[in-house]
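Trainee: I am new to this structure and would like a close look at just one part. Could you pick a sheet and walk me through how its strands, its helix and the side chains around them fit together?

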Amino acid sequence: MEPENHDVSDRPADNGGAGNDGEGSAGTAATLGMIQLALEELWPESLAEAWDEVGLVAGHPSAEVSRILFAVDPTLEVIEEAVSWGAELLITHHPLLLKGVTSVAANTSKGKAVHRLIESGTALLTVHTNGDSAVGGVSDVLADALGLQDVVPLTPAANGLPEEGIGRVGDLAEVRTLGDFAAQVFGILPSVAGGVRVSGDRDGLVRRVALCGGAGDSLFDEVRASNADVYLTADLRHHPASEAREAAVNDRPYLIDVSHFASEWLWLPAAAAALGNVLTDQGHDIEIRVSTTNSDPWDFILTPGGD
């Protein structure tokens, strides 16, 4: 499955989705500040991890916004996509400036991004670990796509509701083989070069599933405590994965390693729809789309027996 465009705006058919000045327009544009309040309602910044950097990165709160683009990464290609479409706001899952920088000169990659955003009048907002933790967040969407039941957080949020936190754990409706479950995971994710890597007996039976969208190799203690049969996450490094396999009880938890980008991309259409619903309820007429840019960093992979 390739990343697709998801336009969740509720616009009149005769307006063509081209702007906010069509005769059939039912609402008004919102300011960036208004959208920040809507985001806080959906994904409170208080849910972000202490090390994280979320919220407004570039843009003036009083600026009007009529088009919003959602994406995983604030890469230059994604920024150009937003500018070309005429979006006044780009909302990304990953921060542009997570680590400190001493310069945003235009001859650096971060500087180019900042300059392009400001010069084009495109604001940037980040919804990162607050989007992971909140109800309907990254791991919730992944759990829903896999049909998990009785889902609870893997690590409850320190400042949130009982159902909020990092990662999720739940049960499949029926026992499946690891191979079949891995195939289901492969089928719901966008196509990327790395595919899906699996550690465990292909014919082993699984029902209880722990998962964490994005990098989750810091959560193995919580995964073991959850009695999960399999753990699905991204960016599993050699040593944590190897140590987890050595510490496995009855060969469990099995491991499924997926693309970081792919595991989080699934959230974008749901997030865009959620924000669209809030803004529509408030009487705002805003077009919201999901980026079609595949920002997974890998282009191809060689495997034994492959071409």
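Mentor: Gladly, and one definition helps before we start: two strands pair if DSSP finds at least two bridges between them. Please also keep in mind that this is a predicted model.

Let's begin with strand β4, residues 67-71, and strand β5, residues 89-92. These two pair in the parallel sense, and four bridges join them. To find the spot on screen, look for Leu69, which stands opposite Leu90 in β5.

Now step back to the whole sheet. Five strands make up this open sheet, and reading across it gives the order β2-β6-β5-β4-β13, with mixed pairing. At the edges are β2 (55-58) and β13 (287-290), each of which pairs on one side only. From one strand to the next, the twist averages 25°.

Next comes the helix. Helix α2, residues 76-85, packs on this sheet and touches β4, β5 and β13. The direction of α2 makes about 160° with that of β4.

With the backbone laid out, we can turn to the side chains, starting just before β4. Ser66 sits in the loop between β3 (64-65) and β4. Is Ser66 buried or exposed? Its relative accessibility is 15%, and since buried means under 20%, Ser66 counts as buried. The side chain of Ser66 makes a polar contact with the side chain of Glu88, at 2.9 Å.

One residue on, the chain enters β4, and here we meet a salt bridge. In general, side chains of opposite charge can pair when their charged atoms come close. The structure holds nine salt bridges, and one of them joins Arg67 to Glu287, with the closest N and O atoms 2.8 Å apart. Arg67 belongs to strand β4 and Glu287 to strand β13, so this pair links distant parts of the chain, 220 residues apart. Both Arg67 and Glu287 are buried.

A second salt bridge leads away from the sheet, through the helix. Glu80 pairs with Arg116, and their closest N and O atoms are 2.7 Å apart. Because Glu80 lies in helix α2 and Arg116 in helix α3 (residues 109-120), this pair ties together parts that are 36 residues apart in sequence. How accessible are the two partners? Glu80 counts as partly exposed, at 32% relative accessibility, and Arg116 is partly exposed too, with a relative accessible area of 27%.

That salt bridge brings us to the packing of the two helices. As a rule, two packed helices are described by the angle between their axes and the distance between the axes. For α2 and α3, the angle is about 5° and the axes are 10 Å apart. Angles under 35 degrees count as roughly parallel, and α2 and α3 are therefore roughly parallel to each other. Where they meet, α2 brings Leu76, Ile79, Glu80 and Val83. On the side of α3, the residues are Lys112, Ala113, Arg116, Leu117 and Ser120. You will recognise Glu80 and Arg116 in those lists as the partners of the salt bridge.

To place this part in its setting, glance at another sheet. Six strands form an open sheet in the order β7-β8-β10-β11-β12-β9, and here too the pairing is mixed. Strands β7 (149-156) and β9 stand at its edges with a single partner strand each, so one side of each has no neighbour in the sheet. Within this sheet, β8 and β10 pair in the antiparallel sense over six bridges, and Arg176 has Val206 in β10 as its bridge partner.

This sheet has a helix as well: α6 lies across β8, β9, β10, β11 and β12, running at about 125° to β8. Helix α6 covers residues 178-188, and its buried residues include Leu178, Phe181, Val185 and Ile188. The buried residues of α6 pack against those five strands and also against α5 (138-145).

So, back to where we began: as you rotate the model, start from β4 and β5, add helix α2 on the sheet, and then follow Glu80 across to Arg116 in α3.

Key:
Residues are numbered from 1 along each chain as its sequence is written. This is a predicted model: local features need pLDDT of at least 70, side-chain atom pairs count only at pLDDT 80 or more; totals for chains, interfaces and linings use all residues. Side-chain values use heavy atoms; hydrogens and water are left out. Axes are lines fitted to C-alpha atoms, for helices over the stretch in contact, and angles run from 0 to 180 degrees between N-to-C directions. Contact means heavy atoms within 4.5 Å. Buried means under 20% relative accessible area, exposed over 50%, partly exposed in between (1.4 Å probe, protein chains only). A polar contact is a pair of N or O atoms within 3.5 Å; within protein, one must be able to donate a hydrogen and the other to accept it, and residues adjacent in sequence count only if both atoms are side-chain atoms. A salt bridge is a side-chain nitrogen of Lys or Arg within 4 Å of a carboxyl oxygen of Asp or Glu. Angles under 35 degrees count as roughly parallel, over 145 as roughly antiparallel, 65 to 115 as roughly perpendicular and the rest as oblique.
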